[in-house]
Amino acid sequence: MVRRPLVVGNWKMNGTRESRKALLADILSGVSETDSAEVGVCAPFVFIPEAAELLESKSILLGAQNVADEDEGAFTGEISAPMLREFGCDLAIVGHSERRLLYGESNQLVAARYKKALDHGLTPILCVGETLDQREQGDTFAVIDGQLAAVFDLAGVESLANAVIAYEPVWAVGTGRTATTEQVQEIHEYLRRKISEREPEISASLRILYGGSVKPENARTLFGMPDVDGGLIGEASLDAESFLSICHSV
Ligand code: PEP
């Protein structure tokens, strides 16, 4: 099964209108449809309409950094999947560790967000991963199992046919500390095997991204691991040259 790698930039809460336009223009000039990797960017909500215009009929996917667990109503501060679709989004990150840890999003809430994304035709990028403490306690697999179980209970394992998973060890996100290729491959292989036990075909075609301080210097080795199908890139996606170099490392 050939899986086309995917590299997605997560801009987080960075930039100005002008700087994001310039960044996107620079990224666009370095990406072509025939590249080995598919490329996406997850912009802050307010930049999405303009980004969608700039990306119209281009080969870069547009994503949001979160999505509401409801379609509409009295949910102050939330943005729904239908709204994101209307404004041209293809992807939505759900369960990013910053949402889980800084904003207290539970496995159940993340699962509900994931399901809403799918219901409305967005591809969810489901982030899973353990904290340093959990890893040191030997709880890595149990933590990931719990994160996945909530999603499988609500949306079914088969929902992964239209989703992407990103393994992001929390201790490597935004810290400059990258997991070793062995650590990464171990978890990616575990994820694929676990899904394969229930849905072998979906598991074989599922893209599992790695995220956590991916840089131009380490991207090639990380992406070279058999179960790593690209990356979710934070800091290095804010610089077009670095991001493009990572995209071209696939
Ligand atoms: C992320 O935010 O998903 C991420 C991986 O960040 P960084 O690349 O900065 O570690």
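# Pockets, cavities and the ligand site

The largest pocket has a volume of about 520 Å³. The model described here is predicted. A ligand takes up the space of the second largest pocket, and the protein buries 99% of the 290 Å² that the ligand exposes when taken alone. Three cavities of 30 Å³ or more are also counted.

**Largest pocket**

- The lining of the largest pocket is made of 19 residues, and K12, M13, Q65, R99 and Y103 are those nearest its centre.
- Helix α4, which covers residues 97-102, contributes three residues to this lining, the most of any element.
- By class, the lining of the largest pocket holds nine nonpolar, five polar and five charged residues.

**Second largest pocket**

- The second largest pocket contains about 150 Å³ of space.
- Its lining has 16 residues, with G174, S213, I233, G234 and E235 nearest the centre.
- Five of the lining residues of the second largest pocket are nonpolar, seven are polar and four are charged.

**Ligand**

- There are 14 residues around the ligand, and K12, H96, E168, G174 and S213 come nearest.
- The shell around the ligand consists of four nonpolar, seven polar and three charged residues.
- The side chain of E168 has an N or O atom 2.7 Å from an oxygen atom of the ligand.
- A polar backbone atom of G234 lies 2.9 Å from an oxygen atom of the ligand.
- For N10, a polar side-chain atom is 3.3 Å from a ligand oxygen atom.

**Largest cavity**

- The largest cavity holds about 60 Å³ of space.
- It is lined by W11, R17, R20, K21, L24, F47, E50, A51 and L54.
- Two elements, α1 (17-30) and α2 (48-55), give two or more residues each to the lining of the largest cavity, and α1 gives the most, with four.
- The lining of the largest cavity has five nonpolar and four charged residues, and no polar ones.

**Second largest cavity**

- About 50 Å³ of space is found in the second largest cavity.
- Its lining is formed by G95, H96, S97, R100, C127, V128, G129, Q147, E168 and V170.
- At least two of these lining residues come from α4, and at least two from β5 (123-128).
- Three residues of the lining of the second largest cavity are nonpolar, five are polar and two are charged.

**Shared residues**

- K12 is among the residues nearest the ligand and also among those nearest the centre of the largest pocket.
- H96 and E168 are among the residues nearest the ligand, and both also line the second largest cavity.

Definitions and conventions:
Residues are numbered from 1 along each chain as its sequence is written. This is a predicted model: local features need pLDDT of at least 70, side-chain atom pairs count only at pLDDT 80 or more; totals for chains, interfaces and linings use all residues. Side-chain values use heavy atoms; hydrogens and water are left out. A residue is near a molecule or strand if one of its heavy atoms lies within 4 Å of it. A polar contact is a pair of N or O atoms within 3.5 Å; within protein, one must be able to donate a hydrogen and the other to accept it, and residues adjacent in sequence count only if both atoms are side-chain atoms. Accessible areas come from the Shrake-Rupley method with a 1.4 Å probe; for residues, only the protein chains shown count as cover. On a 1 Å grid over the protein atoms alone, a cavity is a set of points where a 1.4 Å probe fits but cannot get out, and a pocket is an open set with protein on both sides within 12 Å along at least five of seven lines; lining residues have an atom within 4 Å of a point. A molecule sits in a cavity or pocket if more than half of its atoms lie within 2 Å of its grid points. Ala, Val, Leu, Ile, Met, Phe, Trp, Tyr, Cys and Pro count as nonpolar, Asp, Glu, Lys and Arg as charged, and the others, Gly among them, as polar. Grid points are joined across faces, edges and corners, and a volume is the space filled by probe spheres set on the points.
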